[in-house]
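Work through the exercises below with the coordinates open. Each task is followed by a solution in steps.

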Amino acid sequence: MIMKRIVLLCLIVVLAVSGFAASSDIMDFTLDVVGNVIEAYGNGGRPPIGELDKHLVSLNVDSMTLEQRREVYETYHVTSGNAIFRNVVIGFGNGSKRQGDTWGSLIGAIGDGLGFGLLVASGTCFLIDLLTFQTLGAASGSQEVGTLSDSPLMAVTKALAIGGGVVIGVNRLVGIIPPLVYSARYNSKLRSGLGLDKKLNLAAAPVVNPVSGNLGVTMMASVSF
């Protein structure tokens, strides 16, 4: 009885240390992801969404022709297909990171980090069970090594493994959404800053006549051929 209590105490200590170490690794990975996203401005020359307006002003968009505006759009616009593939297959918000989406990459990194952390905890419980309870049981003659269903830790091991798998699976499915949302937001803001509509033609903007006060419509730039 005393031996079982000692083993359980050692188990609690080991799990606590393992959990702290796993949390530390997850946090380091998350911070690394955020750091890479912050530096994403230089990735392909596309400015992050928060710097987009300032960047377009520096390009002097007002003096550009329609063809030049379309060329800028084709250079900077964000696609979602590759990002979705990376989020689902590679995980850890990799696709969102390449898009420049800080929140999408952070959510993906935390979700997968948590899922794999649970799997690591499950493996730790399994090893502890194998090296302690089963070994002690075999030594005392109360059970044979390999009778996992009778182990006090096996239920915890299975629950952690299932939980980790579920978290990773759900996170990969949820990872489809951020690339779609971010690409739509980014491209919409890019078109607006370039004065283009959804068909990449010059957009009309409402203006107020300073003399009569009547509302009218004007083109944001002249069309060139």
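**Exercise 1. Placing A161**

In which helix is A161 found? Determine also its exposure and its contacts.

Solution. The model is a predicted one.
Step 1: A161 is found in helix α8.
Step 2: The relative accessible area of A161 is 31%. Buried requires under 20% and exposed over 50%, so A161 is partly exposed.
Step 3: Leaving aside residues up to four places away in sequence, A161 touches L119 and S122.
Step 4: A161 and A121 are 40 residues apart in sequence, and their C-alpha atoms are 8.1 Å apart in space.

**Exercise 2. Packing of α6 and α8**

Describe how the axes of α6 and α8 are arranged.

Solution. Two packed helices are described by the angle between their axes and the distance between the axes.
Step 1: Helix α8 covers residues 154-174, and its axis comes within 8 Å of the axis of α6.
Step 2: The two axes cross at roughly 160 degrees. Angles over 145 degrees count as roughly antiparallel, so α6 is roughly antiparallel to α8.
Step 3: The crossing of α6 and α8 is left-handed.
Step 4: The residues of the contact of α6 with α8 comprise 14 nonpolar, nine polar and three charged.

**Exercise 3. Classifying the aromatic pairs**

How many aromatic pairs does the structure hold? Assign a geometry to F92 with F116 and to Y182 with Y186.

Solution. A pair of aromatic rings is described by the distance of the centres and the angle of the planes.
Step 1: The structure holds two aromatic pairs.
Step 2: F92 and F116 are 5.6 Å apart centre to centre, with 15 degrees between the planes. Planes under 30 degrees apart count as stacked, so F92 and F116 form a stacked pair.
Step 3: This pair links distant parts of the chain, 24 residues apart: F92 is in the loop between α4 (81-89) and α5 (94-99), and F116 is in helix α6 (residues 102-131).
Step 4: F92 is partly exposed at a relative accessible area of 25%, and F116 is partly exposed at 36%.
Step 5: The ring centres of Y182 and Y186 are 5.9 Å apart and the planes are at 35 degrees, so this pair is tilted.
Step 6: Y182 and Y186 are four residues apart in helix α9 (residues 177-194), so about one helical turn separates them.
Step 7: Both Y182 and Y186 are buried.

**Exercise 4. Positive phi values**

What is the sign of phi in N60 and in F92? Locate both residues.

Solution. Most residues other than glycine have a negative phi.
Step 1: N60 has a positive phi, near 55 degrees, and is a residue other than glycine.
Step 2: N60 lies in the loop between α2 (52-58) and α3 (66-76). With 44% relative accessibility, N60 counts as partly exposed.
Step 3: F92 is not a glycine, yet its phi is positive, at about 55 degrees.
Step 4: The position of F92 is in the loop between α4 and α5.

**Exercise 5. Surroundings of N94**

Is N94 buried or exposed? List the residues that N94 touches.

Solution.
Step 1: N94 is placed in helix α5.
Step 2: The relative accessibility of N94 is 17%. Buried means under 20%, so N94 counts as buried.
Step 3: With residues up to four places away in sequence not counted, N94 touches R86 and N87.

Methods. Residues numbered from 1 in each chain as written. Predicted model: local features only at pLDDT ≥ 70, side-chain atom pairs only at ≥ 80, totals over all residues. Heavy atoms only, no water. Phe/Tyr/Trp six-rings, centres within 6.5 Å; stacked < 30°, edge-to-face > 60°. Helix = DSSP H or I, 4+ residues; strand = E, 2+ residues; numbered from the N terminus. Buried < 20%, exposed > 50% of the residue type's maximum accessible area, 1.4 Å probe, protein only. Axes fitted to C-alpha atoms, helices over the stretch in contact; angles between N-to-C directions. Parallel < 35°, antiparallel > 145°, perpendicular 65-115°, else oblique. Left-handed = near helix turned anticlockwise from the far one by under 90°. Nonpolar A, V, L, I, M, F, W, Y, C, P; charged D, E, K, R; others polar. Contact = heavy atoms within 4.5 Å.
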